[in-house]
Amino acid sequence: MKLYELVLSALRALKAHKLRSFLTLLGVVIGVTTIVGVVGVISGLDAFVKEKVITFAPEVFIIDRFGIIQSQKDFIQALKRPLITYEDFERLNAAGLPHVSQVATRAVKSMKVTAGARHLSNTLIVGSTSNFATLFRFEFEAGRYFTQTEDDMAANLAVVGADVKDELFPGVDPIGRTILIGGLPFRIVGVFPRQGSSIGFSRDTVVCIPIQVYRKNFLSAKDSLQISAQASGGVEGLEEALDEVRSFMRARRHTAFRDPDPFGLLTQDSLQELWKQISQAAFILMLLVSSVSLGVGGIVIMNIMLVSVVERTTEIGIRMALGARKRDIRRQFLLEAAILSLVGGVVGMLLGSFATWVVRVAAGFPAVITPGIVISSIAVSTLIGLAAGFLPARRASNLPVIDALRAE
């Protein structure tokens, strides 16, 4: 038989048993839906973290009290570390390390911001040095960042995020207007472009002010700062810069030779590697869960196809008596199994894409469906169908013609 004749014959057989075909699809649909949904979320988060969260240049690194925490033990140890202070920043900045071109610092606190009768709670107030915008590649919708002179003078200036602008100054240019932070007036000199929300957190509810005015009014003795440094030799000079800063900070804290660093060093590579480990662990967990569903789906297909062989024994015998070859019978059952799993894969892909869209719109997760996810999910489901249909197809093609014709 020709291929299209086999396909038509397989479709007619599946159409004749609609309920059985539908039940056979469920396992594959559930498995593929799970794969597409979870991979879509992980892929979106992966791109989001690389492009939006880890935004600093590869030659920039961060000195932080905690660093990368991978266990409860790490967290407890990090709590014992001394705070990163403004004096640490000043000394490091004044040290003039050969492989460090510039040093910046920042501190963050959540506070309420008001303008007239309007207010915005839980706004991130970031006190930073003026070069922080350069190190972290800030862009501006309007206005500018504050200058070094304005920072030295502890000027009450602010650069606001899109949510702050829209909430406090709807339909009005906020440049030159005043907001109150902790009861203190700050004049707006710049506006950040909209960054969007992710994981329920808005990246636009932020106000940046000079670090000197932040220290004067908002920094407490329990707050730890974060210091950022840039390697003077670019990425090639990063290791030398890290060694120099590590030695400097260890010397400032009188750390013994064998003791670990009492601070954390974060680079773009280390953060991406950490995220890679997290996303890989989530992917492996998803793969295990989905494999169970797909395995169950494959077993269901095989069992239903075996039942189908028994029910259609007479039909098989008649077709073989009329000249159908063993390979024609084998191909038809394989095609039926492949079509079932292919349809299940397509339905699962559509449901997974819909679930991903719901997650993105409702929860703000940067989930995304790529062509690779679509192709691989359909291909995997089809392969599972072919594997599950192999045994029934072989059993059907090996039936003796006489016995098949005598079957009831």
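In the predicted model described here, Ile30 is found in helix 2 (residues 18–53), where helices (H or I, at least four residues) and strands (E, at least two) are DSSP runs numbered from the N terminus. Residues are numbered from 1 along each chain as its sequence is written. Because this is a predicted model, local features need pLDDT of at least 70 and side-chain atom pairs count only at pLDDT 80 or more, while totals for chains, interfaces and linings use all residues, and side-chain values use heavy atoms, with hydrogens and water left out.

The largest nonpolar core, a set of buried Ala, Val, Leu, Ile, Met, Phe, Trp, Tyr and Cys residues joined through side-chain atoms within 4.5 Å, has 43 residues, and among those with the most contacts inside it are Ile63, Ile179 and Ile181. Apart from this core lies another, of 25 residues, which include Ile35, Leu294, Met320 and Ile373.

Ile179 and Ile181 also make up the covered face of strand 6 (residues 178–181), whereas Thr178 and Leu180 form its uncovered face; buried here means under 20% relative accessible area, exposed over 50%, and partly exposed in between (1.4 Å probe, protein chains only). Strand 6 pairs with strand 2 (residues 100–115) in the antiparallel sense over 2 bridges, two strands being paired if DSSP finds at least two bridges between them, and Thr114 stands opposite Leu180. Strand 6 is also joined to strand 7 (residues 184–191) by 4 bridges, again antiparallel, with Pro185 as the bridge partner of Leu180 in strand 7. In the hairpin of strand 6 and strand 7, which has 2 residues between the strands, Gly182 takes a positive phi near 60 degrees.
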